[in-house]
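Dear colleague,

I am passing on a structure that you have not worked with before, and below it you will find an account of what was found in it. Please read the account with the structure open beside you.

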Amino acid sequence: MSPPDEPGASGYADPAFGLFLKRFLQSPSTVGAIAPSSRFLARRMIEPIRWSSGMRVVEYGPGTGPFTAEILGRLPPDGHYLGIEQDRVFYSLLRERFPSAQFHHGSVEDLAEILEERQWPCVDHIVSGLPFASFPRDLVGRVLEVTARSLCAGGTFTTFQYIHAYAMRSARTVRRIMRRDFQLRQKRRVVFRNLPPAFVLTWSKS
């Protein structure tokens, strides 16, 4: 386990904070947090990405776009990004904030079909902001199955779990499925400057 970030200012500057909180109150099971991820968590989430010419990056549940901004800020000119967002309000906001980026309004369960429509044979990196711990187990299984199947050899899947929920049965289930079914190598880091603090988990496809 790598050293944690130093504690300090939380780093929240997202103008969509109020909107995020509102959507959480309206749909806590799908939004999963009371605040957008901090820039510190966003930077940790993209650390495993190997930036290269022509690469393809998919983001699950971009929300208000904190991870999106970091990804697009480093994506090579000929790289490809696709954000999949199910919340209609967040989807509209994302298209306004990042007009040059591609977004799909729908479920990540349909990743295989979405990639086929775009003629992407596989994905180099998948970054997830989804609250897997609040999802039904069968849904988690379906999403992780299509995730592993869609990754290119050597590709990475990065997600996070809040520290207070890390030991919950649902959170353990996510990690157990990844270890059992997909034979992906895992790395873990912790970010304290986030609300709440979170573990960043990355699996690299063999």
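Contact here means heavy atoms within 4.5 Å. The model is a predicted one, and in it Val-58 touches Leu-82, Ile-84, Leu-111, Leu-115, Trp-120, Val-123, His-125, Ile-126 and Val-127, where residues up to four places away in sequence are not counted.

Val-58 also belongs to the largest nonpolar core, which has 32 residues and in which Val-58, Tyr-60, Leu-111, Ile-126, Phe-132, Leu-144 and Phe-157 have the most contacts. Helix α7 (residues 137-150) gives this core its largest share, 6 residues. A second core, separate from that one, has 23 residues, among them Ala-42, Met-45, Ile-46 and Val-200.

Turning to the sheet, you will see 7 strands that form an open sheet with mixed pairing, in the order β3-β2-β1-β4-β5-β7-β6. Its edge strands, β3 (102-105) and β6 (184-191), each pair on one side only, and neighbouring strands are turned by 15° against each other on average, direction ignored. Strands β5 (residues 151-162) and β7 (residues 198-205) pair in the antiparallel sense over 7 bridges, and Phe-157 stands opposite Trp-203 in β7.

Two helices that pack on this sheet deserve a look. Helix α4 (residues 66-74) touches β1 (56-60), β2 (80-85), β3, β4 (123-128) and β5, and its direction makes about 170° with that of β1. Helix α5 (residues 88-97), in turn, touches β2 and β3, and the direction of α5 makes about 165° with that of β3.

With best wishes

Notes
Residues are numbered from 1 along each chain as its sequence is written. This is a predicted model: local features need pLDDT of at least 70, side-chain atom pairs count only at pLDDT 80 or more; totals for chains, interfaces and linings use all residues. Side-chain values use heavy atoms; hydrogens and water are left out. Two strands pair if DSSP finds at least two bridges between them. Helices (H or I, at least four residues) and strands (E, at least two) are DSSP runs, numbered from the N terminus. Axes are lines fitted to C-alpha atoms, for helices over the stretch in contact, and angles run from 0 to 180 degrees between N-to-C directions. A nonpolar core is a set of buried Ala, Val, Leu, Ile, Met, Phe, Trp, Tyr and Cys residues joined through side-chain atoms within 4.5 Å. Buried means under 20% relative accessible area, exposed over 50%, partly exposed in between (1.4 Å probe, protein chains only).
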